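Biologist: I am new to this model and would like a close look at one part of it. Please take me through the sheets and what packs around them, step by step.

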Amino acid sequence: MKRAHKLGALAVTALLTAASPLAAGTAQKSFGGFVPPAGWLPPPLDPAGVQLQTKQLGPGVYALLSNRPPVDNSGFVVGERGVLVIDAHINGTMAMQIQDAVRAVTDKPILYLVNTNAHGDHTFGNYAFPAETQIIAHRKTAAAMHHFEEEKAMLLATVNGDASVFDGVELRLPDVVFEKSMIIDLGGRVVELHHFGHGNTPGDTVVYVPEVKAAWTGNLVLGAASIPWAIEGGTQAYLKTLADMAARLDIETIIPGHVLTTNGDSLSRYLKYLSEHIAEVQAAIRAGKSLDQTLESLPLKEAYLPPADSPLAAARPLMQGFHLWNVKKTYLELSAQ
Ligand SMILES: [Zn+2]
């Protein structure tokens, strides 16, 4: 496990350096009415040439890890009855790569596909799964997926403006929705779906396999050496959601939606970051600082950045940008209260 982690980390150095050249242009774009602050960068999610590497976590439990973080990870769980896949990736080609990885392990049918959030990099591959595969998502995730064209337009910035990434993609909505949690027995192997509240998106879903204490966290926890990104909604709700998750799940391995696998420590890091962040923005508002002054006075602390000499160093500007986004979100949220 240690060795695989290291290899993944090395890959990041080379690949995260390709920060999106569209950043300046997209920085003015509105995201659901929210205009990102200067300095924010869209994460590079272009799947061209990406290989998903299969890593077994326990009997019948597999992570599918992108060899070019932060392009999406995925995974699958095999029981006696069949297979459950976690996230469908960004297009049909990647969705077929997931299915090929399943087929390399088992001939059992793919009974279920879970979308951890509504974003296209987790759902645009839905259409390429067999018709008999039941797609499951949180109710709010399923509702958000109706904004299909808007989502495509939004994701363009993450794929270097290359619309051909979405060639052939059709909207395929979930067949089953849930509200709080759902337990799926695959036959001798149980998978739990949990919604702890609003985090990165309104319908964030955690897929948990208690047998190996592994959690697929989608965008809720983005991976090793990352900070949370309150892309939709606020940091106060995000903090509450993660605190609930930490209290209720015993987690040894996190397979994040993006970046490298990690362990429960990432949750502590996220909780600490969010509570400090909210208190600091609150203090800036009480001190009468404007939004611009607050953005300027609260850069991301070194402790929350990947070390400059680490293989993840190339992700520093991306994390700094997420932080600026969070500062603006929190400032606007707290100012309105
Ligand atoms: Zn994502």
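Modeller: What follows is a walk through two sheets, a helix, the core and a few backbone details. Keep in mind that this is a predicted model.

Start with the sheet of 7 strands. It is open, and its order is E1-E2-E3-E4-E5-E6-E7. The pairing in it is mixed. Strands E1 (52-58) and E7 (176-178) form the edges, and each of them pairs on one side only. From one neighbour to the next, the strands of this sheet are turned by 20 degrees on average, direction ignored.

Now zoom in on one pair inside this sheet. Strand E5 covers residues 110-114, and strand E6 covers residues 134-138. The two run parallel and are joined by 3 bridges. To find the place by eye, look for Tyr 112, which stands opposite Gln 134 in E6.

Next comes the helix that lies across this sheet. Helix H3 (residues 92-103) crosses E1, strand E2 (61-66), strand E3 (74-78), strand E4 (83-86) and E5. Its direction makes an angle of about 45 degrees with E1. How does the length of H3 compare with what 1.5 Å a residue predicts? The 12 residues should span 16 Å, and the end C-alpha atoms are 16 Å apart, so the two agree.

Which residues of H3 are buried? They are Gly 92, Met 94, Ala 95, Ile 98, Gln 99 and Val 102. Viewed down the helix axis, the buried residues fall within an arc of 165 degrees, so they line one face of H3. These buried residues pack against E1, E2, E3, E4 and E5.

One residue ties this picture together. Val 85 touches Ile 98 and Val 102, both of which are among the buried residues of H3. Leaving aside residues up to four places away in sequence, Val 85 also touches Ser 74, Phe 76, Ile 110 and Leu 113.

Val 85 leads on to the core. The largest nonpolar core has 91 residues. Those touching the most other members are Phe 76, Val 77, Leu 84, Val 85, Val 114 and Val 207. Helix H10 (residues 316-335) gives the most to this core, with 7 residues. As background, nonpolar side chains tend to be buried together in soluble globular proteins.

Stay with H10 for a moment. Gly 321 is found in this helix. Is Gly 321 buried or exposed? It has 23 other C-beta atoms within 10 Å, and a residue counts as buried at 20 or more, so Gly 321 is buried. It touches Gly 39, Trp 40 and Leu 41, again not counting residues up to four places away. Gly 321 and Gly 39 are 282 residues apart in sequence, but their C-alpha atoms are 5.4 Å apart in space.

Val 207 takes us to the other sheet. Here 5 strands form an open sheet in the order E8-E9-E10-E11-E12, with mixed pairing. Its edge strands are E8 (181-185) and E12 (253-256), each pairing on one side only. The twist averages 20 degrees from one strand to the next.

Strand E10 (residues 206-209) has a partner on each side. With strand E9 (residues 190-194), E10 pairs in the antiparallel sense over 3 bridges. There, Tyr 208 of E10 is the bridge partner of Glu 192. With strand E11 (residues 214-218), E10 also pairs in the antiparallel sense over 3 bridges. There, Trp 216 in E11 is the bridge partner of Val 207. E10 and E11 form a hairpin with 4 residues between them. Lys 213 sits in the turn and has a positive phi of about 55 degrees.

Which way do the residues of E10 point? Val 206 and Tyr 208 point one way, Val 207 and Val 209 point the other way, and all are buried.

Finish with the loops. Between E2 and E3 lies Pro 70. The peptide bond from Pro 69 to Pro 70 is cis, with omega near 10 degrees. Ala 225 lies in the loop between E11 and helix H7 (235-248). It is not a glycine, yet has a positive phi of about 60 degrees. Ala 225 is buried, with 23 other C-beta atoms within 10 Å. Val 259 lies in the loop between E12 and helix H8 (265-286). Its phi is also positive, about 60 degrees, although Val 259 is not a glycine. Val 259 is buried too, with 29 other C-beta atoms within 10 Å.

Definitions and conventions: Residues numbered from 1 in each chain as written. Predicted model: local features only at pLDDT ≥ 70, side-chain atom pairs only at ≥ 80, totals over all residues. Pairing = 2+ DSSP bridges. Axes fitted to C-alpha atoms, helices over the stretch in contact; angles between N-to-C directions. Core = buried A, V, L, I, M, F, W, Y, C linked by C-beta atoms within 7 Å. Buried ≥ 20, exposed ≤ 12 C-beta atoms within 10 Å, placed from the backbone. Contact = placed C-beta atoms within 7 Å. Expected span 1.5 Å × (residues − 1). Arc of directions from axis to C-beta.
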